[in-house]
Structure formats: structure tokens, C-alpha cells
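Please open the model in your viewer and keep the sequence panel beside it. The tour below goes from one selection to the next and says what is found at each stop.

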Amino acid sequence: MVDKKGHTAVSLFAGAGGLDIGFERAGFEIVFANELDVDAANTWRANRPNCDAMNQGDIGDYIESLKAYKGTTVVFGGPPCQGFSVAGKMNPSDPRSKLIWSFLDVVESVQPKAFVIENVRALGSLKKWESVRNGIIKRAGELGYSCDFKIYSASEFGVPQNRERVVFFGIQGDSSKLDQFFSEMEKRKSSPKTLREVLLGVGKYGTPDNPQTCTAHITLAKRPVLRQSPYAGMLVNGAGRPMNLDGAAHTLPASMGGNKTPIVDENALETGEENWFSGYLRRLSNGEADPETEVIPDTLRRLTVKEAAALQTFPDDYVFCGRKTQQYKQIGNAVASDFAQAIAESALVCL
């Protein structure tokens, strides 16, 4: 049995608190949290009314004062990833790319027993970012930490979403603890529910339990890009793809809220009938459909905030603050809570 008592944590770039949920479930007490975005910080606070750990603002303003938390068990966080993400410009000069080093500045100030950095797959896989990966490990070593990384899909940990991320784990002293951490991660793998199971469990669309939160119109692309799967091609305008109800979601983006919000066939969800886009792709491929004249059924609609949160495995009663687009952004930026719990529990075993 792992002793969960007395373990404390500093949470950086906390966002809405997805990673925090995982560490809280594992038994860590968050003694300091930081988030720049006001709405996300308010969300974090709203779900922790008895915790005053959130400090909203630029992390650079807190590095010196964080020395007061020296000896905290773990520092964790997901520094903003836009500078590394293939969905962005992958600009090494993007100021957000430099926040990785701010994270390690905090590690230097706090000197925790361990630290965890979560980020986009590209940071862990692309040649372009090899120097950054090596720099993280080198800086960690200079601070007295053994450090390594591995890429995971959140779907390997019960999250109904093909969301690949890199996890860096650093721990003071014995480097064998690194192998132990990654071994513990393997033990915590589990199969996710299907999208259909998750969405049916959220509440009927358009009701107070699951209100409509995105009104972006769905229009068909005049020059659709046909792929073998209706969920992989570009059949509609905008980046919001149809969702395969019998599989896992694509990575939910922070840009949801408009026409980048995924599309659900409500009729297929409720009846189990074929997704409309499957038939549409088949007819397009056979030359039997024309995007200019095709009539889109009114059963096609956008993913709601409540559903997006469920796909990120947030608790059902989790509250999100700010405008709807801000709520979608917070959800898309978050670490899936069940994945976060696997990380936190694996780290705990090594302490």
C-alpha cells in the first residue's frame, strides 16, 4: 500500500484543473496553483471552494515567492503548448514555448521530490524539438533530477479520445525510479467507453442537463476531400469533423465553440442507425450526391460543453466559468482527468 498522507503539490499552468483532479484523486494536497487566464482560474476556484491555493497571473511573478514551498512533494503542469503543437505554427520564438523553462525555474525554487510535465506529442517526437527535449533532461540533471519521457494516448487510460501527449517525469536521486514510474503507467492502462456510451450518459441534448452550447451552422464543403472513413475526410466547412459514435473522439481542440466544434448525428446516437455522414460519403463516392443540393438533416448538431467535458473525463458536476467559447477552450486545453490520475498514482508509487 502507498502512503498518501502528507503529499503536497504545486500546480503550474493549471487551466481548468484537469491535471489537478488526477493529483487530488491520488491523494495530493495542492498548496499552490497558478494560471494566467482569468476564466480558467475562476473555474479552478469554483470547483475548489474550500481551497485558496489559486494564484492568478504570470508565473514569472511568483518564482521567487515559491521558495516558501521548498520541499513540496511534486510540481506538475502542462506549459502552454501552442509553440510546439502541429496544430499551430510550431514557432520556437513563440513566447509560450519558453514557459517550459519557467516550469523548471519553479522546480529549482521549490526543489520537489519529483516533477511532471505534460505536453503535446510533437514535443516528444519531432526532430524539430529534439534540442528542447534534451534541454529539459539536461536542466533537470543540473538540478539533481533523473528525467525521461514517453508518449501516450489518453485512450490507453480509459479516456474516449485519441489524444496523444508526452509526459516528462523527473525525480531526485535514484534513476531506477524512472523505470518504476513508466512501469506503473503500464499497469494503469484500461479501455475507454465508446463515444456513444459517454454521450448517452451525459443527458439528452437540448435539455437543462445537456443544453445546446454551440450554434455554429453546419454546411457541406463544395469540394469535399474524400477519405475511406467519413470521420477522416473534409466533408464539411470548418475544422469540426463528424464523430464516430462507436469509436473514440479525435483530439478535442481548444478552438471549439464555432465551426471547429465536432459534429454529432443525434439520430444515429439515439437509434443506433447508420451515421448520416457514412451514407453521404458512400453517395459522394458513387457520384450520387451533390454538395450544392444536398439537404442536411436537422439531427446533425455540434458537441456541447457538457459532452466535451465528459470526453475529457471531468467529473459530471464540474463547473466551467466564462463565455461558452472560453469554456470550450478550457476543456480543449485540459489534461484528461483519468489520464492525469494514472500519472499521479504512478508518481506517488515512486516517492
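Begin with strand E2, helix H2 and strand E3, which together make a right-handed β-α-β unit; keep in mind throughout that this is a predicted model. E3 covers residues 54–56 and runs parallel to E2, the two being joined by three bridges. If you show side chains here, you will find Asn-34 standing opposite Asn-55 in E3.

Now stay on E2 and turn to its other partner, strand E1 (residues 8–12), which pairs with E2 in the parallel sense over four bridges. Across this pairing, Ala-9 stands opposite Ile-30 in E2. Following the chain from E1 through H1 to E2 traces a β-α-β crossover that is, again, right-handed. Is E2 enclosed or open to the outside? Five of its seven residues are buried, so E2 is largely enclosed by the rest of the structure.

Before leaving E1, select the loop between E1 and H1, where Phe-13 is found. Most residues other than glycine have a negative phi. Phe-13 is not a glycine, yet its phi is positive, at about 50°. With a relative accessibility of 14%, Phe-13 counts as buried, because the cut-off for that term is under 20%.

Next, select the largest nonpolar core, a set of 37 residues in which Phe-23, Phe-76, Phe-169, Phe-181, Met-185, Phe-339 and Ile-343 have the most contacts. Colouring by element shows that two or more residues come from each of several helices and strands, including helix H1 (18–25), strand E2 (29–35), helix H2 (38–46), strand E8 (164–172) and helix H6 (176–187). The largest share of this core, eight residues, is given by H12.

Within that core, centre the view on Phe-76 and display its surroundings: leaving aside residues up to four places away in sequence, Phe-76 touches Ala-9, Val-10, Ser-11, Leu-12, Leu-19, Asp-20, Phe-23, Ile-30, Phe-103 and Val-116. A second, separate core has 28 residues, among them Val-10, Leu-12, Ile-100 and Leu-123.

From this second core, pick out Leu-123, which is found in helix H4 (residues 121–125). Leu-123 is buried, with a relative accessible area of 0%. A distance drawn from C-alpha to C-alpha between Leu-123 and Val-166 gives 7.0 Å, although 43 residues separate them in sequence.

Move on to helix H9 (residues 276–285), in which seven of the 10 residues are buried, so that this helix too is largely enclosed by the rest of the structure. Those to highlight are Trp-276, Phe-277, Ser-278, Gly-279, Tyr-280, Leu-281 and Leu-284. What do the buried residues of H9 pack against? They pack against strand E9 (220–225), strand E10 (234–236), strand E12 (263–265) and strand E13 (300–302).

For the last stop, show the second largest pocket, which has a volume of about 270 Å³. Its lining consists of 17 residues, and Val-305, Lys-306, Ala-309, Asp-316 and Tyr-318 lie nearest the centre. Helix H10 (305–311) and helix H11 (324–333) each supply at least two lining residues, with the largest share, four residues, coming from H10.

Finish in the loop between H10 and H11 by selecting Thr-313. Thr-313 has a positive phi of about 60° although it is not a glycine, and this residue is buried, with a relative accessible area of 10%.

How values were computed. Residues numbered from 1 in each chain as written. Predicted model: local features only at pLDDT ≥ 70, side-chain atom pairs only at ≥ 80, totals over all residues. Heavy atoms only, no water. Core = buried A, V, L, I, M, F, W, Y, C linked by side-chain atoms within 4.5 Å. Buried < 20%, exposed > 50% of the residue type's maximum accessible area, 1.4 Å probe, protein only. Contact = heavy atoms within 4.5 Å. Pairing = 2+ DSSP bridges. Right-handed = clockwise from strand over helix to strand, strands pointing away. 1 Å grid on protein atoms, 1.4 Å probe; cavity = no way out; pocket = protein on both sides within 12 Å on 5 of 7 lines; lining within 4 Å. Points joined across faces, edges and corners; volume = space filled by probe spheres on them.
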